[in-house]
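Here are my notes on the model you sent over. I've gone through the ligand site and then the sheet, point by point.

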Amino acid sequence: MTTPGKLIVLTGPSGVGKGTIVRELLARHDQLFLSISATTRQPRTGEVDGKDYFFKSRAEFEAMIAAKELLEWAEYAGNYYGTPLPPVAAQTTQGNSVLLEIEVVGANSVKHIFPDALRIFILPPSFEVLEKRLQGRGTDSEEVIAKRLTRAKEELELSEEFDYQIVNDDLEAAIAEIEAAIF
Ligand code: 5GP
């Protein structure tokens, strides 16, 4: 019988660099798979349905919740985000490890369904650095950035609930710490 793969949850506030870390981990480790989330947020320029996210209407997303198709979900800055359960279950039963890159409330709730999940919180070196990163990436309006920063303050208070807290000051150092936790 195949040993079930691990479920690895990477969380932390928007702008902390989760996306970059995930891209690097996937490029370096063939045995890791990324879960593609569903969301009701509008696609950003260049984002592809089924690759970056499964883009859904609110009604479609609520139908997924009702059908219990989501491993976890949360509302974030006015939109729903959630992890479709069937692909995660299929990969882990085949012995592959799956990465979830999700916000803090959903990440915290994963432990109820997958108690063995490895839950990692990525911290910014400081709140000011987070603010600068969100403003500098130019993907969101001032209003959206303000919402994300308010949420970030609440999220940072929950970091202690996670198995690991890793500061993303130096990208390579952060990746090395995450690899040590996973492998
Ligand atoms: P963005 O709009 O920047 O793509 O994502 C906003 C936030 O939602 C990020 O913190 C991201 O990690 C989180 N997120 C993405 N997918 C999911 C998901 O499936 N579930 C939850 N709970 N959060 C998600």
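1. Let's begin with the make-up of the ligand shell. Sorted by class, it holds seven charged residues, five nonpolar ones and four polar ones. Keep in mind while reading that this is a predicted model.

2. Who is in that shell? The ligand has 16 residues around it, and the closest are Ser-37, Arg-41, Tyr-53, Tyr-81 and Glu-103.

3. Now for the polar contacts to ligand oxygens. Arg-41 puts a polar side-chain atom 2.6 Å from an oxygen atom of the ligand. For Ser-37, the distance from a polar side-chain atom to a ligand oxygen is 2.7 Å. Arg-44 also has a polar side-chain atom by a ligand oxygen, at 3.0 Å. As for cover, the ligand on its own would expose 510 Å², and the protein buries 95% of that area.

4. Which pocket does the ligand take up? The space it fills is the largest pocket. Two elements give two or more residues each to the shell around the ligand: strand S5, spanning 70-76, and strand S6, spanning 79-84.

5. On to the sheet, where S5 and S6 turn up again. Four strands make an open sheet, running in the order S4-S3-S6-S5, with mixed pairing. Its edges are S4 (54-55) and S5, each of which pairs on one side only.

6. How do S3 and S4 pair, parallel or antiparallel? Strand S3, residues 38-39, pairs with S4 in the parallel sense, over two bridges. If you want a spot to check by eye, take Thr-39: its bridge partner in S4 is Phe-55.

7. To tie the two halves together: S5 is an edge strand of the sheet, and S5 also gives two or more residues to the ligand shell. S6, which sits between S3 and S5 in the strand order, gives two or more residues to that shell as well.

Terms used:
Residues are numbered from 1 along each chain as its sequence is written. This is a predicted model: local features need pLDDT of at least 70, side-chain atom pairs count only at pLDDT 80 or more; totals for chains, interfaces and linings use all residues. Side-chain values use heavy atoms; hydrogens and water are left out. A residue is near a molecule or strand if one of its heavy atoms lies within 4 Å of it. A polar contact is a pair of N or O atoms within 3.5 Å; within protein, one must be able to donate a hydrogen and the other to accept it, and residues adjacent in sequence count only if both atoms are side-chain atoms. Accessible areas come from the Shrake-Rupley method with a 1.4 Å probe; for residues, only the protein chains shown count as cover. On a 1 Å grid over the protein atoms alone, a cavity is a set of points where a 1.4 Å probe fits but cannot get out, and a pocket is an open set with protein on both sides within 12 Å along at least five of seven lines; lining residues have an atom within 4 Å of a point. A molecule sits in a cavity or pocket if more than half of its atoms lie within 2 Å of its grid points. Ala, Val, Leu, Ile, Met, Phe, Trp, Tyr, Cys and Pro count as nonpolar, Asp, Glu, Lys and Arg as charged, and the others, Gly among them, as polar. Two strands pair if DSSP finds at least two bridges between them.
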